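User: Could you walk me through reading the strands and sheets in this model?

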Amino acid sequence: MSTTTTEILIIGAGLSGAVTALQLARSGIKVTCLEQGQWNDREDYPGNKSDFELQAMGPWNANPNIRQSQADYAILDDTSDIKPMLYNGVGGSTILYSAHWMRFLPSDFNVLSLDGVGENWPINYQDLAPYYNLNDLDFGVSGIAGDPAYPDFPEYPMPPLPIQPWGERVAAAHHRMGWHWWPGSNAIASLPYKGRRPCVQRSTCRAGCNEGAKGSVDQTHWPEAIASGVILKTGVRVTRILLDLNGLACGALFKDEYGNTQQIKAEIVILASHAIGSAQLLLKSASPSFPDGLANRSGQVGRNLMMHPLSRVIGFFDEPMMSWQGHWGQNIYSLEFAETRQEHGFVRGAKWNLSPSGGPLSAALYPIDEARCWGKPLHQRINNWLGRSAVWGITAEDLPNKHNRLVLDPDIIDSNGDPTARLVYKVSENSKRILEFMTDKAIQSFIEAGAYQTSARSLVTDNGWHALGTCRMGVDADRSVVNPWLQSHDIENLYIVDGSVFVTSSSVNPAATIAALARRTADYIIGSRSTIKRAKI
Amino acid sequence: MMEVINEQQRNSFAEISNIVFPGGCSQPPSSDFDLKNAPLDRVLRARNELIHPLISILNQYESEPDAFLSHLTDTDFKLIMTIISASYLSVQQVKDSLEYPGQQAMTLSRTGFGAEELVFELMQQPKRYRDL
């Protein structure tokens, strides 16, 4: 077994790992990042090929249990109402994400105080605002500031992408009804930007962006991070975090590309492995001093899993609108029903995003009403759908529940001989009520916009993009895993910077907040570099 | 070794496809095309992991494609519909009938994002967010 050393070890080269690595490297800190996946060549993405939908349903599927690439690890999901979606590789899930770039709302940080549910975050919107602002520049966000749903913030670096003909119809409808809407903010370039080409509106964002217009961190962060000295090792899977005799994290064991176990020693360890991967690794790293999993004296590691239940409503219009084109980021969004209102019968709410409706294979296969369909009705469905429809995706704010969790299943052993991660997750009654209400309202939105027909699925199970909360942040070490600087309560030189630290989920997409939190923690480490706790290696 | 779909299985595939896409709404019937050969092979080249389960499904087929489709498990139904639909929709004449040119790279318009007047009106509205 060979051993290497580094000042800071980051585990995971996705969104949070990339943001952290780049920020640390800009300050001259020596960083090594271990990533189980590989680099992708943009030319390999299927979006510019005629069979892109077929590929996106298989080898480029966002569900790792379907994709089953070499970089993926098994996630048992038969005990979860929602299936996980993520990507393992340089760039992580930003390779396949839709790049909706949304800040949390101020109320999202204080749901307990405002609405009597969930937990308050130990930080607030103003704490993250400077980092949201800076990251908008690094990620190259297109949009327009001034949304009255938010406090004022600086203009985005690029103007919004076109909201599309269907977006104009729905925007006008919301205007007439007095409902909130706003042009979509997306980490997708609308102009040439820092070497990136602008979006070509091919609408294949979720199969990787062939143009490099989408702000995936393999494009936006890793090239500069590596040029600044970060060592990024790909194709290596971390199997254990190591502790020294003082109870500090001192590195990790990992399997190299040949399956051999190697060791890396580090003064500081940062976990950036997704809410599933990070919790899994901590639980697998149990030791005599942490028999229930590393950094888990609170018993909170793996708990409070939130997955953003989603419903989808489709509006069908008479006019051809080429709605297979456009960006599959959000065309417009609505926060009309994001906040608690007494008359609703549920707490918190949902964020809506309007998007194109995909190509012909989506039209043929999407189970609109779950009924089996072939023959003339199938021809009719394709005719109605292709180019003449738009989709409201509706994300419910998911509240923390200790029974929703990631556990290790001792009966199913992975290729490393370790127990496999299992998701135990039930959609709450509150979330179900949110989605039923929102579905009705979204139908109303489309009808006002001129749709002659709508169709809805009130719960889309294959859409667990936003796994959050499995190592939550807090000031009370008995009830949380990390402190407000994302530093483990139990192990002072161990940090967790991914979506696992979320206290509550908001209803908006989490990427911008994950990135802001990661950058804030990197700045904390940089600012306290001379005094921060380190392992001696 | 890669499995091969035999002639009987291909004929079953064609029979089922003809029920799935009989033609309608200006879309041609699948029987106009040799779906069981080049289009099917195109799909299976792209997704060769589907060959084995497809063969298993086709081996269950005897006759009566409507009844056959009705009685498939959800997983098998989804799989065979994916392959039939992808084969059919890969045919150029079908794309032409749908006026679908494929996902095109387009140059972004520089004339604005749309509905600007409404956005400027919204900007004048009072802030609506909640906070402590």
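Analyst: Happily! Strand β1 (residues 3-11) of chain A pairs in the parallel sense with β2(A) over 4 bridges. Strands are DSSP runs of E with at least two residues, helices are runs of H or I with at least four, and both are numbered from the N terminus; two strands pair if DSSP finds at least two bridges between them. This is a predicted model, where local features need pLDDT of at least 70, side-chain atom pairs count only at pLDDT 80 or more, and totals for chains, interfaces and linings use all residues. Residues are numbered from 1 along each chain as its sequence is written, with chains lettered from A and ligands numbered from 1 in the order in which they are written.

User: Which residue is the bridge partner of A:L9 in β2(A)?

Analyst: A:L9 has A:T32 as its partner. On the other pairing, β2(A) runs parallel to strand β5 (residues 231-234) of chain A over 4 bridges, where A:L34 is matched with A:K233.

User: Are the faces of β2(A) covered or not?

Analyst: In a regular strand the side chains alternate between the two faces of the sheet. Here both faces are covered: A:V31, A:C33 and A:E35 are buried on one side, A:T32 and A:L34 on the other. Buried means that 20 or more other C-beta atoms, placed from the backbone, lie within 10 Å of a residue's own.

User: What is the strand order in the open sheet of 6 strands?

Analyst: The order is β4-β10-β11-β12-β9-β15 (chain A), with antiparallel pairing. β4 (182-183) and β15 (453-457) of chain A each have a single partner strand, so one side of each lacks a neighbour in the sheet.

Technical notes
Buried ≥ 20, exposed ≤ 12 C-beta atoms within 10 Å, placed from the backbone.
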